[in-house]
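Work through the following exercises with the sequence and the coordinates at hand, and attempt each task before reading its solution.

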Amino acid sequence: MQWSLLRPVGLVPAALVLTTIAAGAEGGKSAGPSEFLLVAQIVLLIAVGRGLGEIMQRIGQPSVIGELLAGILLGPSLFGWIWPEAQQAIFPKTPEQKAMIDGIAQFGILLLLLLTGMETDLKLVRRIGKAAIAISIAGIVVPFVCGFALGEFLPDALLPNPQARLVASLFMGTALSISSVKIVAVVVREMNFMRRNVGQIIVATAVIDDTIGWIIIAIIFSLASHGTLDVGSVAKAMLGTLAFLVISFTIGRRLVFQLIRWANDTLVSSAPVITVILLLMSAMALITHLIGVHTVLGAFVAGILVGESPILTRQIDERLRGLISSFFMPVFFGLAGFSADLSVLRDPDLLMLTGLLVVIASVGKFGGAFLGGTLGGLNYRESLALASGMNARGSTEVIIATIGLSIGVLSQTLFTMIVTMAILTTMAMPPTLRAALAKLPINKEENERLEREEFERRGFVANLERPLLAVDESVNATFAAHIAGLIAGMRGLPITVLHIGRCGKEQEKGREEGDSHERVVRKAAETVSDHGDTGSVDVITRIGRAELGETIADEARKGFDLLVVGVDKVTATKDRFDRKVEAIAAEFEGPLAIVAARGRHLKQPMPETFNILVPVSGSGVAKRGAEVAVALAQAGSGSLRVIYVATTRDKGAQRGASRGLGQEAGILKDASDLAARYEVDITTTLRVNRAPEAAILREIDTTDVDLVVMGVDRIQADHLSFGGVADAVLRQSKASVLLVSSGEARQASAEKA
């Protein structure tokens, strides 16, 4: 290990001495709760926890292990044993002072469950289907029975209330059967197995384990609250939990999405979406508390619903993850480790019992998961990898143990034993899972799927989250609405229709026309989604009530990643776009899609099929155009023709390449591979001895194409420009044109054709 890695740890004793001196001075001033001590406790937990977490990650362990060890080092297990007076000065046991840091930790539990829920991929569970459910049930039942049996044979001295042994046994069974989806997902992702078949099964099974576990914990909490097995109260809790889950995943899913969009689009204060999410989490946690189950279930379900929101998921995840990982996690897990007094394990009987707990937990979970994998149709190696992954308890186990301690189901000694088990099983999981996954071969079908998903990860269309459609009352607007609906329907994207045609006294007429475009978008989207699993597409209409530039600027700040423009007049004289198009483009910095309906699309703006021509040159923007063309061909069940043309800025690359058609053939093959991934028929044409615009226009004249899709660059100029090739095609084409631009302008000297 590098010495630089140990330097932060070497500063811990000095920090403890200084903090102890300051804490002693502060403690002499007042007998009440101290803000200074609260801050000192937080500083130590974060500094030591994050430092040890860094070391754990460097040696291939989850950072949560370092945060737990930080609490153990700062607690009675080490610091309190070596220097009890100093430990008591910094972490006094007075109820008022303890309540201050405990309040932060309890809210941290809710935030951790919110983040866990956001990482829960229900689509993955649905895709894996019955196999994952069967595997999960077997992986829960076996260790649950083992844990319940252990609870029944525990000495009375280890139970806080021997008369409530049934509740304690149920709790032990749940604690031994649940896995940490967070730890499992981290290791699987680190091994690049997240999209492998077995990796998806492992994560999906962990998700189901987690979900079932939190429901069981919620019911046990109801049992513990009544002290006895009250059938009426248990039935009430179970029915309440079932009703809560049903409402959450039906009405609640839609409501959460609408609230997130409303906050993002309406509120102008700082981070309004985060505020709404925290309020949602708190409200759902309170609801679960009122129906008699633990608040963690509400926070977990809230996280699932937020994670399923079709917009802003990446931004939300990044902002919340930073706060939770850097502040709440080290505080909560540090306090959990702090509460685990390992000095009790000096008793040989307790040490032996803890070892037995670790063995029973490991054998039960490993055996149950292996059996479930075998019954679920996995081979030996896949079942071995599954069993290795499911054995990690990690953060989930610690949260459960903390809840058990707080509601009086676990004693302090039993809590320490469970935390020890969680640490040991979690540390053992990464190396065993890595070893098991490294031996799994990949088959042809899986390899093709992985290549397609890797391409989509870097693609343009696959990463769209929220398109905006700006239209007036023209036929071209209807055609643009149809195209936007097809794109949205392919991915189930929410789309906003912004009507910018009429104003003043004619706004009501504009509202009617905006609604008609909304129906066009919805019809096109539903046509596509009926053939897939994207579900219904959310469409809303807004009417521009201010000056055009101001209207577009106001919408642009809401996080749209594609603006589709469909207005009556697209071009003007002197190689310029119409003023309205230029005003729209000037206020939107992201990618543009400018639509110009021609030919039969003027009479039939909602065609059932497209015959598409897409020029390619090997450039990034050309590939973006090809992606959109493939998506439209797939959605519209049409044909796709690809033509290779060479732009000015591609000639340098051509001169550097070998003479002949090797490079051009390679570019056309890339386009063919792209179309093949989505089962779109394609015809390729090579035009190398003709100017790009002439080649494209000739292809239009000699074939039956009715839509040209071009990926173009925005060029830095005093007006909107995509270069001479795009301008010539836009003005002279008899077929409809869709220009898909990049988000950033480049220097005009790059292309003068």
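**Exercise 1: a helix pair**

In this predicted model, the axes of helix α16 (residues 348-375) and helix α17 come within 8 Å and cross at roughly 145°. Task: determine the handedness of the crossing in which α16 passes α17, and find which residues of α16 and α17 make the contact.

Solution. Begin with the handedness: α16 passes α17 in a right-handed crossing. Next, list the two sides of the contact, where α16 contributes K365, F366, A369, F370, G373 and T374, while α17 contributes Y380, S383, L384, L386, A387, S388 and M390. Finally, sort the residues of this contact of α16 with α17 by class, which gives 8 nonpolar, 4 polar and 1 charged.

**Exercise 2: burial and capping of α17**

Task: state which residues of helix α17 (residues 380-390) are buried, and which residue caps the N-terminal end of α17.

Solution. Taking burial as a relative accessible area under 20%, one finds S383, A385, L386, A387, S388, G389 and M390 buried in α17. For the cap, look at N379, which has a side-chain oxygen 3.2 Å from the backbone nitrogen of R381 and thereby caps the N-terminal end of the helix.

**Exercise 3: a second helix pair**

Task: for helix α2 (residues 35-58) and helix α6 (residues 95-118), whose axes come within 10 Å, find the angle at which they cross.

Solution. The axes of α2 and α6 cross at roughly 45°. Because of this angle, α2 is oblique to α6. The crossing in which α2 passes α6 is right-handed. At the contact, E35, L37, L38, Q41, I42 and L45 of α2 meet Q97, M100, I101 and I104 of α6, and the residues of this contact divide into 7 nonpolar, 2 polar and 1 charged.

**Exercise 4: the setting of T416**

Task: decide whether T416 is buried or exposed, and identify what its side chain reaches.

Solution. First place T416, which lies in helix α19 (residues 412-438). Its relative accessible area is 0%, so T416 is buried. The side chain of T416 reaches the backbone oxygen of Q412 at 3.0 Å. Leaving aside residues up to four places away in sequence, T416 touches S339, A340, D341, L342 and V344.

**Exercise 5: the whole chain**

Task: give the number of helices and strands in the chain, and the percentage of its residues that are buried.

Solution. The secondary structure comes to 29 helices and 10 strands, and buried residues make up 54% of the 753 residues in the chain. As a last step, consider contacts between residues at least 6 apart in sequence, of which 81% join residues at least 24 apart.

Note on methods
Residues numbered from 1 in each chain as written. Predicted model: local features only at pLDDT ≥ 70, side-chain atom pairs only at ≥ 80, totals over all residues. Heavy atoms only, no water. Buried < 20%, exposed > 50% of the residue type's maximum accessible area, 1.4 Å probe, protein only. Helix = DSSP H or I, 4+ residues; strand = E, 2+ residues; numbered from the N terminus. Polar contact = N/O pair within 3.5 Å; in protein donor to acceptor, adjacent residues only side chain to side chain. Contact = heavy atoms within 4.5 Å. Axes fitted to C-alpha atoms, helices over the stretch in contact; angles between N-to-C directions. Parallel < 35°, antiparallel > 145°, perpendicular 65-115°, else oblique. Left-handed = near helix turned anticlockwise from the far one by under 90°. Nonpolar A, V, L, I, M, F, W, Y, C, P; charged D, E, K, R; others polar.
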